[in-house]
Number of protein chains: 2
Amino acid sequence: MPDDRDMLDERSIKVLWAVIHSYINNPDPVGSRYVTRKYAFDFSPATIRNIMADLEDMGFLSQPHTSAGRIPTDKGYRFYVENLMDEMEENVSVHEELIESLTKRLDDLREDIYTLLDETTRTLSTHSHYLGIAVSPGPDGSTLRRIELFPYSDDRIAVILFTNEGIIKHKILKNSFSFSRNDLNKIARYLNREFSGYTIKEIRRCLFDEMARDKALCDSLISRALSLCGDVVACYGSNVFISGLSEILELPEFSDVEKVKELSRTIEDKHAVIKLIDSLANEEGVQVIIGTENTIEEMKAMSIIASTYKEGDKPAGVVGIIGPTRMDYSSAISLVDVTARYLTKILDEGGRQWRRER
Amino acid sequence: MPDDRDMLDERSIKVLWAVIHSYINNPDPVGSRYVTRKYAFDFSPATIRNIMADLEDMGFLSQPHTSAGRIPTDKGYRFYVENLMDEMEENVSVHEELIESLTKRLDDLREDIYTLLDETTRTLSTHSHYLGIAVSPGPDGSTLRRIELFPYSDDRIAVILFTNEGIIKHKILKNSFSFSRNDLNKIARYLNREFSGYTIKEIRRCLFDEMARDKALCDSLISRALSLCGDVVACYGSNVFISGLSEILELPEFSDVEKVKELSRTIEDKHAVIKLIDSLANEEGVQVIIGTENTIEEMKAMSIIASTYKEGDKPAGVVGIIGPTRMDYSSAISLVDVTARYLTKILDEGGRQWRRER
DNA sequence: GCTTAGCACTCCCCATGGGAGAGTGCTAAT
DNA sequence: ATTAGCACTCTCCCATGGGGAGTGCTAAGC
């Protein structure tokens with residue numbers, strides 16, 4: 001909202017920033033006297049009071065009750081994130097430490113992205129003291145690298161799926177036919193030739209078309225191969241990783257048990273979380289969702305910082321931080337940014353040799 | 001403690017049972033008047049008071065403060081679990097419902113034990129309203145069914161491990177040699193011939209012996225095969241699944257946030273949980289650990305009901321429930337019992353055709 | 001006209017204290 | 001051995017009131 005930006009003079013902006021800055025560090029309503037003293041304004045508390053009253057009228061601040069100090073509204077935080085954060089603060093890059101910690105913890109895991117993401121959420125949460133969250137690539141983020149088949153028991157076969165992103169999925173399929181190992185090798189070769197390099201989503205669509213079109217075509221091995229592939233690809237979904245509950249419980253926001261219950265119910269519901277995060281999956285760079293901007297009722301008191309990590313130049317999955325609206329946006333944002341870039345780099349190194357021109 | 005049993009006459013036992021029964025349903029200290037009325041004793045409150053005072057002297061009950069009612073001690077619960085539970089209560093088998101729910105949710109998952117166990121904890125927690133917990137088979141619970149190898153990239157190979165318990169582990173190994181697919185097939189055949197049917201732990205020991213003994217023997221393919229196998233087997237560990245935090249937060253025990261923090265810290269530490277559970281892994285039947293009997297400091301206020309599930313007749317992993325000491329032991333125990341048996345059955349059906357005589 | 005000092009006012013927070021209620025232990029009577 | 005009666009203890013709840021922090025408004029000052 002560039003309008004808002006224009007509505008505020010230098011002085012108001014400074015006051016708004018001071019209130020938010022103070023409130024982020026300490027969740028007490030901020031009073032006029034405190035602002036003048038702590039932030040060394042050349043005005044008396046009375047002047048600051050007038051300014052704060054104006055800011056409240058404009059919707060940037062609010063009062064818990066008459067005769068308490070002001071606290072930022074979601075709109076206030078939004079303004080802060082968009083206009084104030086960078087210019088008011090020299091962005092201290094304490095991120096060497098983070099990168100070091102990421103490197104140390106993640107470097108061995110680059111072949112197994114699920115463990116990798118799980119560890120990532122741990123690192124995010126210990127560094128931010130909020131919830132760390134990660135979503136693994138879904139059907140349109142994962143590119144098939146290879147598929148392997150072999151007999152598992154008399155009537156079952158094992159399918160192993162490798163993707164460029166380092167995801168390894170296995171599935172045991174019950175099959176009415178019994179395939180010889182040779183058959184399976186042939187099928188695997190066929191599927192690899194046909195589908196590797198495509199995303200799971202593309203493969204799904206392709207299978208769908210193929211089957212619709214070629215019902216007549218009855219090369220039985222191929223049609224069996226396709227249906228096999230369909231079975232595996234059908235249940236391909238994102239995984240969600242969240243950690244740091246004990247971190248976030250330390251915040252005064254969660255001294256009320258009801259809040260804790262609400263939060264734990266929400267994050268136990270993976271579907272809700274995926275829905276929440278997926279809307280961000282196609283945006284570039286770090287996304288910030290503040291409080292009520294959120295779609296999930298139980299999360300209206302929380303903010304989300306998220307960014308996609310990529311495989312090649314295609315968005316794969318999402319990493320982020322969930323914390324209270326009173327969040328240290330500045331460091332949270334750079335934390336998420338650095339982490340997403342780091343994951344992208346890891347995937348890049350792992351996937352380079354495999355990426356296929358199309 | 002058979003001594004205790006003898007120390008208590010019929011009447012005292014009835015009172016003890018009444019106090020525990022009442023307290024389990026409602027966490028208020030139980031008074032003498034309440035006991036006489038609610039449990040239809042033929043004595044006056046004064047008599048009950050005397051009995052309760054005796055029970056307190058013997059350590060079965062305690063008072064939060066003078067002039068409050070009595071609450072059970074851990075020793076009281078222990079006595080209840082060992083002597084009173086079965087005889088005082090007709091064990092209502094509401095477990096058709098549970099089995100149905102297990103069947104519905106788990107039947108499709110029998111080939112993937114991790115998802116299976118995860119769902120199991122969910123079922124356990126929704127039925128008990130406590131925490132559901134499951135530990136997957138560790139090195140001495142898992143029997144190798146099959147090992148598969150194939151090239152993954154120039155300098156890496158993929159190893160897939162199947163166990164009788166339905167565990168499928170994959171690992172990407174960086175290797176200084178480059179193996180041809182043919183080599184890998186040979187190696188896999190060799191390893192399967194040599195090791196399938198043995199537990200991971202046995203394989204570890206065996207590898208160790210072999211390598212020590214046959215350092216001289218330098219059939220290079222075999223020695224490479226062994227070292228390959230060693231790499232995979234080395235990092236084989238148990239997984240822990242826990243769910244139902246939001247269930248357990250509903251209990252009045254957790255109206256204090258400190259308690260919640262403590263609990264969430266504890267269950268976030270998988271190592272501690274494994275340590276806690278592993279001690280039970282070799283016992284038969286359902287185990288009950290009450291409050292301070294526990295080794296972990298933060299869990300002294302909790303009880304654990306756990307049972308091993310088996311593969312064949314060998315204990316594989318553990319399932320259980322974690323709740324407050326004031327737990328509905330009776331139904332928790334049969335819940336865990338039924339669940340463990342069900343898992344055993346599923347494993348049995350999946351593994352029968354594969355079990356190998358030795 | 002902007003700024004500020006002064007002041008009355010509002011509202012939260014917390015310590016205090018008293019009363020109701022529940023339950024006990026003891027004693028004396030049955 | 002059991003029980004009625006009673007004094008006593010302790011918690012919980014609520015009402016009360018003072019202290020403190022902060023506001024809004026008004027009128028005076030630059």
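Which polar side-chain atom lies 2.7 Å from a phosphate oxygen of DNA strand C? That atom belongs to Ser32(B). The legends below describe close-up views of a predicted model.

**View 1. Residues around DNA strand C.** DNA strand C is surrounded by 20 residues. The closest come from both chains: Arg11(A), Thr47(A) and Ser67(A), together with Ser32(B) and Arg70(B). Of the strand C atoms that come within 4 Å of the protein, 73% belong to sugar and phosphate. Helix α4 of chain A, residues 45–57, provides the largest share of this surface, with four residues. By class, the surface near DNA strand C holds four nonpolar, eleven polar and five charged residues.

**View 2. Side-chain contacts to DNA strand C.** Ser32(B) reaches the backbone, with a polar side-chain atom 2.7 Å from a phosphate oxygen. Bases are contacted too. An N or O atom in the side chain of Ser67(A) is 2.7 Å from a base oxygen of DNA strand C. Arg49(B) places a polar side-chain atom 3.1 Å from a base nitrogen of this strand.

**View 3. Residues around DNA strand D.** Here 18 residues surround the strand. Ser32(A), Arg70(A), Arg11(B), Thr47(B) and Ser67(B) are the closest. Sugar and phosphate make up 77% of the DNA strand D atoms that come within 4 Å of the protein. Helix α4 of chain B, residues 45–57, gives the most to this surface, with three residues. The surface near DNA strand D comprises two nonpolar, eleven polar and five charged residues.

**View 4. Side-chain contacts to DNA strand D.** Two residues of chain B approach phosphate oxygens in this view. For Arg11(B), a side-chain N or O atom is 2.8 Å from a phosphate oxygen of DNA strand D. For Thr66(B), the distance from a polar side-chain atom to a phosphate oxygen is 3.3 Å. Ser67(B) contacts a base instead: an N or O atom of its side chain is 2.7 Å from a base oxygen of DNA strand D.

**View 5. The contact between chain A and chain B.** Chain B contributes 36 residues to the contact and chain A contributes 35 residues. About 3,300 Å² is buried between the two chains, with 52% of that area from carbon and sulfur atoms. On the chain B side, Glu111(B), Tyr152(B) and His170(B) lose the most area to chain A, together 19% of what that side buries.

**View 6. Polar pairs and elements at the chain contact.** Six salt bridges link chain B and chain A. One of them joins Lys261(A) to Glu250(B), with the closest N and O atoms 3.4 Å apart. Between the chains, 14 residue pairs are in polar contact. On chain B, the elements supplying at least two residues each to the side that touches chain A are β4 (144–153), β5 (156–163), β6 (168–174), α11 (245–248) and α12 (257–268). Among these, β4(B) gives the most, with seven residues. This side of chain B has 14 nonpolar, nine polar and 13 charged residues.

**View 7. The symmetry of the two copies.** A turn of 180° and a shift of 0.1 Å along the axis lay chain B on chain A with an RMSD of 0.1 Å. The two copies are therefore related as by a two-fold rotation axis. In chain B, Val257(B) has the C-alpha nearest the axis, 3.0 Å from it. Of the interface residues of chain B, 97% are also interface residues in chain A, so the copies meet through the same surface.

Key
Residues are numbered from 1 along each chain as its sequence is written. Chains are lettered from A and ligands numbered from 1 in the order in which they are written. This is a predicted model: local features need pLDDT of at least 70, side-chain atom pairs count only at pLDDT 80 or more; totals for chains, interfaces and linings use all residues. Side-chain values use heavy atoms; hydrogens and water are left out. A residue is near a molecule or strand if one of its heavy atoms lies within 4 Å of it. A polar contact is a pair of N or O atoms within 3.5 Å; within protein, one must be able to donate a hydrogen and the other to accept it, and residues adjacent in sequence count only if both atoms are side-chain atoms. Ala, Val, Leu, Ile, Met, Phe, Trp, Tyr, Cys and Pro count as nonpolar, Asp, Glu, Lys and Arg as charged, and the others, Gly among them, as polar. Contact means heavy atoms within 4.5 Å. Buried area is the accessible area (1.4 Å probe) that two parts lose on being put together, summed over both. A salt bridge is a side-chain nitrogen of Lys or Arg within 4 Å of a carboxyl oxygen of Asp or Glu. Copies are superposed by least squares on the C-alpha atoms of residues with pLDDT of at least 70 in both.
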